[in-house]
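Open the model in your viewer and keep the sequence panel in sight. Each stop below tells you what to select and what you will find there.

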Amino acid sequence: DGVEFFGGTVDAKFVSVLFAGDDGIDTDQGYQGRIQFAFVMLGDGSNHGAEMDGPNRASSPDVVRSFPQLYNALFVGDIANDPNSVSSDDQLEALIRLREGTGGEFGNLIVLNFGSAGVFQDRCFDETRSTGTSPPTNVDSPDYLWISSNTIFNGGATSVNVDEQGSCAEVYTDSYGASVDPQLILLPATSDQDLPFFDPRPVPGGTAFTDFDDLPAEFFTQVQYRGAFGSDLWLSGWSWLDENGRIPRSFTPTQSNLVGGQITTSTTWRAADSPILMTSQVFVSNGATLTIEAGTTIYGYGRTYGAGAPALIIEQNAMIMARGTAANPITFTSAVSESLLPAEGLWGGLIILGNAPIAGGTRNVEGLTEGGTYGGNNPNDNSGVLQYVRVWYGGSVIGQDNEIN
């Protein structure tokens, strides 16, 4: 297991568990502590994101029931996960496994990328199992289990949100909770231990910042979002993910500094909005002009599954006006921790596709998710201005004999 809480009342904040061989978080033997800001990510050989047990009071009615209070957690499964760890006593598929009459409170959770069930429960006893957006007021702890109906579930095509079997009557149902896109900055559905780069924070103003649960007054930091992260990427600066260049630095994302996709109308990236966070490939389309103010810094994210390496592409008949100065240059660089720099091939780069004559007439740039044609018959073609512009650490390798920039 990643972290085990067996009995007691220890509290924990900022818990990160990656690719555990068995369960990410395991509670048992009457544990009644509080946990907030938990990030659990499974690999293809992991068991469960969480396994939370009673113990079973049917056979031991005098023992203390487990009652974990878990708020603001992000569980990321592996769609192809096969939970068959030799060390586990439970190989049933689910991202979160509840057993043996456990109680508890579960609020502000995001549960992603599960192939079978987000939550599976099959060994209930006499605990009150409660639904809705707040814990029950007519039952005292530890004798109830509450899973918030605001919990975000986003699994595979044939998965269910909550699977109840055995001695557990159907209370939560297959479609319980919010089956919505949590709108995270960069986290593909094919995540596993080899995922090269991601950002698990929610986009500003997105789904995760709505319909959040109220938090108990004591111990818990009062936040207004679902999941383990708000604008602060608290893994940055100290975690294995940071040290291995899998996540960006903890720049604050805003609605004006996250960029990606098509720019179809003339747009300005302002120094006041720096840092500009380029999370995917940015295409400046035919007829549009991108102006970048002096002193602006653009940070390119790394390549992730199912997407090309982030890069800025000025397409044919588009323009870039990037006039830096010696005192205030324009800088394109990598978003990884500064301790990992300098290094090569960390993001895509800057690509300008013109219409000037080339050998062969026209060609296509490698490594783009769309388009990429350059060359033509106009020796006077003009794609704009680059002045005091620095492009650092680009040239991401896509595959053998295939690189960008």
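## Stop 1: a pair across two strands

Select methionine 321 and valine 385: valine 385, in β27, is the bridge partner of methionine 321. Keep in mind that this is a predicted model. Now widen the selection to strand β22, residues 319-323. Strands β22 and β27 run parallel and are paired over 4 bridges.

Add the rest of the sheet. It is open, has 4 strands and follows the order β17-β19-β22-β27, with parallel pairing. Which strands sit at the edges? They are β17 (267-269) and β27 (384-387), and each pairs on one side only. From one strand to the next, the twist averages 20°.

## Stop 2: the whole chain

Zoom out. The protein has 405 residues, and 53% of them count as buried. Its secondary structure consists of 1 helix and 30 strands. The C-alpha trace spans about 85 × 40 × 35 Å along the principal axes.

Switch on the surface. The accessible area is about 16500 Å², and carbon and sulfur atoms account for 45% of it. Color by charge next. There are 17 positive and 48 negative side chains. The centres of the two sets are 7 Å apart.

How many of the contacts link residues at least 24 apart in sequence, among those between residues at least 6 apart? The share is 68%.

## Stop 3: the six-strand sheet

Select β1, β3, β5, β7, β9 and β13. These 6 strands form an open sheet in the order β1-β3-β5-β7-β9-β13, and the pairing is parallel. Look at the two ends, β1 (3-6) and β13 (160-164). Each has a single partner strand, so one side of each is left without a neighbour in the sheet. Neighbouring strands here are turned by 10° against each other on average, direction ignored.

Now focus on β9, residues 117-121. Is β9 enclosed or open to the outside? It is largely enclosed by the rest of the structure, because 5 of its 5 residues are buried.

Check the partners of β9:

- Strand β7, residues 96-98, runs parallel to β9 and is joined to it by 3 bridges.
- Isoleucine 96 has valine 119 in β9 as its bridge partner.
- Leucine 98 has glutamine 121 in β9 as its bridge partner.
- Strand β13 also runs parallel to β9, joined by 4 bridges.
- Alanine 117 stands opposite valine 160 in β13.

## Stop 4: strand β11

Select residues 144-147, which make up strand β11. Show the side chains. Tyr144 and Trp146 point one way, while Leu145 and Ile147 point the other way. All four of these residues are buried.

Next, bring up strand β8, residues 104-112. Strands β8 and β11 pair in the parallel sense over 3 bridges. Which residue of β11 is the bridge partner of glutamate 105? It is tryptophan 146.

Then add strand β10, residues 128-130. It runs parallel to β11, and 3 bridges join the two. Arginine 129 stands opposite leucine 145 in β11.

## Stop 5: leucine 70

Move to leucine 70, in strand β6, residues 69-76. Leucine 70 is buried, because its relative accessible area is 1%, under the 20% cut-off.

Show its surroundings. Leucine 70 touches Ile35, Ala38, Met52, Phe75, Glu105, Phe106, Gly107 and Leu109, leaving aside residues up to four places away in sequence. Glu105 in that list was a stop earlier: glutamate 105 is the bridge partner of tryptophan 146. Draw a distance from leucine 70 to alanine 38. They are 32 residues apart in sequence and 8.4 Å apart in space, C-alpha to C-alpha.

## Stop 6: tyrosine 374

Finish at tyrosine 374, in strand β26, residues 373-374. Tyrosine 374 is partly exposed, because its relative accessible area of 25% falls between the 20% and 50% cut-offs.

Display its contacts. Not counting residues up to four places away in sequence, tyrosine 374 touches Gln316, Leu353, Gly354, Ile358, Gly361, Thr362, Arg363, Asn364 and Val365. Pick out threonine 362. It lies 12 residues from tyrosine 374 in sequence and 5.6 Å from it in space, C-alpha to C-alpha.

Note on methods. Residues numbered from 1 in each chain as written. Predicted model: local features only at pLDDT ≥ 70, side-chain atom pairs only at ≥ 80, totals over all residues. Heavy atoms only, no water. Buried < 20%, exposed > 50% of the residue type's maximum accessible area, 1.4 Å probe, protein only. Contact = heavy atoms within 4.5 Å. Areas by Shrake-Rupley, 256 points an atom, 1.4 Å probe, with all protein chains shown as cover. Lys, Arg positive; Asp, Glu negative; His and termini not counted. Charge placed at Lys NZ, Arg CZ, Asp CG, Glu CD. Pairing = 2+ DSSP bridges. Axes fitted to C-alpha atoms, helices over the stretch in contact; angles between N-to-C directions.
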